[in-house]
Amino acid sequence: MEVGQFESRCLANMEEHNLWSRRLFALGNGQPSRKMLQQWAMQAGMIDEIFAEILQSLIANPLIPSFSHREIMENLNDELGNGDKTQEHFKLFQGVLASLSVSVGQYRETAPLTGTDVILRGLRNSVTGDPVRALAIMASEELICPREFPILM
């Protein structure tokens, strides 16, 4: 898919979302834009970037039974590209950033929004405590798709 097609498809998906009928978004003219898409990508990237760290913390959590470690390790290995640096998930996500004309510098200089910060802290804090809660939070975070992410922001 060409860069322009990717951006057009993302913007079309955003426009179809019922989010734009909410009064809060009507105040900001109610239309998704390239800038919003770039902001979403940078915020989503911040979450994607910590997944390997979170999975390692899950394995280090003494409350998580060792029989769960194999599946967590499989997820971690997948996150890290199964040994292929070009297939690391965050490296792949950097392709999304690049396709939206977001430079690595711009990404690194962007601070997390309040919602993103809450998610990041929640993920980091959850994996050191109760194993059921930690695994549930990880699983639910994996299920947030691009169409839903703006609601959290």
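These questions and answers cover the helices, core and contacts of a predicted model.

Residues are numbered from 1 along each chain as its sequence is written. In this predicted model local features need pLDDT of at least 70 and side-chain atom pairs count only at pLDDT 80 or more, while totals for chains, interfaces and linings use all residues, and side-chain values use heavy atoms, without hydrogens and water.

User: How many helices and how many strands does the protein chain have?
Analyst: Helices (H or I, at least four residues) and strands (E, at least two) are DSSP runs, numbered from the N terminus. From that end the elements run α-α-α-α-α-α-α-α-α-α. The count is ten helices and zero strands.

User: What share of the residues in the protein chain is buried?
Analyst: Buried means under 20% relative accessible area (1.4 Å probe, protein chains only). In α3, the buried residues are L37, Q38, W40, A41, M42, Q43, A44, G45, M46 and I47. Of the 153 residues in the protein chain, the buried share is 35%.

User: Which helix gives the most to the largest nonpolar core?
Analyst: A nonpolar core is a set of buried Ala, Val, Leu, Ile, Met, Phe, Trp, Tyr and Cys residues joined through side-chain atoms within 4.5 Å. The largest has 30 residues, and W40, L58, F93, L97, Y107 and L123 have the most contacts inside it. Helices α1, α3, α4, α5, α6 and α8 each supply at least two of its residues. With seven residues, the one that gives the most is α3.

User: Which residues does Y107 contact, leaving aside neighbours within four places in sequence?
Analyst: Contact means heavy atoms within 4.5 Å. With those neighbours left aside, the partners of Y107 are M42, G45, M46, E49, F90, L97 and V102.

Notes
Buried < 20%, exposed > 50% of the residue type's maximum accessible area, 1.4 Å probe, protein only.
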